[in-house]
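Reader: Hey, I've got a protein open and I'm a bit lost. Can we go through it together?
Author: Sure, put it up and ask away.
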Amino acid sequence: LDNAKSAVTGGVEFEARVGFSESTSNVLKNLTAFGNLAVIYSRVDQSNFKVTQTSVDSTIYKTPLQGQSPYVLNLGLTYATSKDLTFTLAANTYGRRIALVGTNEAYFVYEDPRIVIDGSVTKVFNKKWTTKLTWGDILAQDLIFYYDLNKDGGYNEGKDEIFEKYRRGSTISVSVGYNFSK
């Protein structure tokens, strides 16, 4: 197997956290909103590979890096009470990415973006013990991997062919921790 001729990748990330502790509202005083956005550019030059098609579009040789989304977005809210109790709700999504690279673009398998929402409740006891209840992937949306047959840049049921589709499901976990440093 040969490697691609070359690759270029770069990006920028923006992050923000806003606390409302100066608010006159008792509810807002304990609320923090946070988020980040990463925008990524990647291109792989695969012009050193032979393609099986007789008429080849030169853009086929310059594709995004396999597994690299053009963006990743995370947003969340945390509410902390005065009784060492914290509630967090976080959401994540990402742009379409190449899951599997084929011999030409018609055989590329793409992963359709989805939204993942997680929630957690954390309680601290005696400043040493922590218990945390987490509900991961609350929406439990399907993971869809597909061939973009109509080349419109997104998954369209009935127009694109599904390579694989499954649902991981939600997870619920409980953890207990002890802080030795306090």
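Reader: How much space lies in the second largest pocket?
Author: About 160 Å³. Keep in mind that this is a predicted model.
Reader: Ok, and which residues line the second largest pocket?
Author: The lining is made of I40, Y41, S42, R43, P64, Q68, S69, P70, R96, R97, I98 and Y110.
Reader: Which element gives the largest share of that lining?
Author: Strand β2 does, with 4 residues. Both β2 (31-45) and β6 (97-100) supply at least two residues each.
Reader: And by class, how many nonpolar, polar and charged residues are there in the lining?
Author: There are 6 nonpolar, 3 polar and 3 charged residues.
Reader: I98 caught my eye. What does I98 touch?
Author: Not counting residues up to four places away in sequence, I98 touches T63, P64, Q66, G67, F108, V109 and Y110. I98 is also part of the largest nonpolar core.
Reader: Which residues make up that core?
Author: It has 6 residues in all: I98, F108, Y110, I144, Y146 and Y155. In soluble globular proteins, nonpolar side chains tend to be buried together.
Reader: Back to T63 for a sec. Is T63 buried or exposed?
Author: T63 is buried, because its relative accessible area is 6% and the cut-off for buried is under 20%. You'll find T63 in strand β3, residues 62-63.
Reader: What is T63 in contact with?
Author: Leaving aside neighbours within four places in sequence, T63 is in contact with S42, R43, V44, Q46, I98 and F108.
Reader: New topic: where is V101?
Author: V101 is in the loop between β6 and β7 (109-111). V101 has a relative accessible area of 36%, so it counts as partly exposed.
Reader: What does V101 touch?
Author: Q46, Q66 and F108, not counting residues up to four places away in sequence.
Reader: And how many residues apart in sequence are V101 and L65?
Author: They're 36 residues apart in sequence, and 9.4 Å apart in space, C-alpha to C-alpha.
Reader: Last one, S120. Where is the place of S120, and is S120 buried or exposed?
Author: S120 is in strand β8, residues 116-125. With a relative accessible area of 13%, S120 is buried.
Reader: Which residues is S120 in contact with?
Author: Setting aside neighbours within four places in sequence, S120 is in contact with T86, F87, T88, K132, L133 and T134.

Technical notes:
Residues are numbered from 1 along each chain as its sequence is written. This is a predicted model: local features need pLDDT of at least 70, side-chain atom pairs count only at pLDDT 80 or more; totals for chains, interfaces and linings use all residues. Side-chain values use heavy atoms; hydrogens and water are left out. Buried means under 20% relative accessible area, exposed over 50%, partly exposed in between (1.4 Å probe, protein chains only). Contact means heavy atoms within 4.5 Å. On a 1 Å grid over the protein atoms alone, a cavity is a set of points where a 1.4 Å probe fits but cannot get out, and a pocket is an open set with protein on both sides within 12 Å along at least five of seven lines; lining residues have an atom within 4 Å of a point. Grid points are joined across faces, edges and corners, and a volume is the space filled by probe spheres set on the points. Ala, Val, Leu, Ile, Met, Phe, Trp, Tyr, Cys and Pro count as nonpolar, Asp, Glu, Lys and Arg as charged, and the others, Gly among them, as polar. A nonpolar core is a set of buried Ala, Val, Leu, Ile, Met, Phe, Trp, Tyr and Cys residues joined through side-chain atoms within 4.5 Å.
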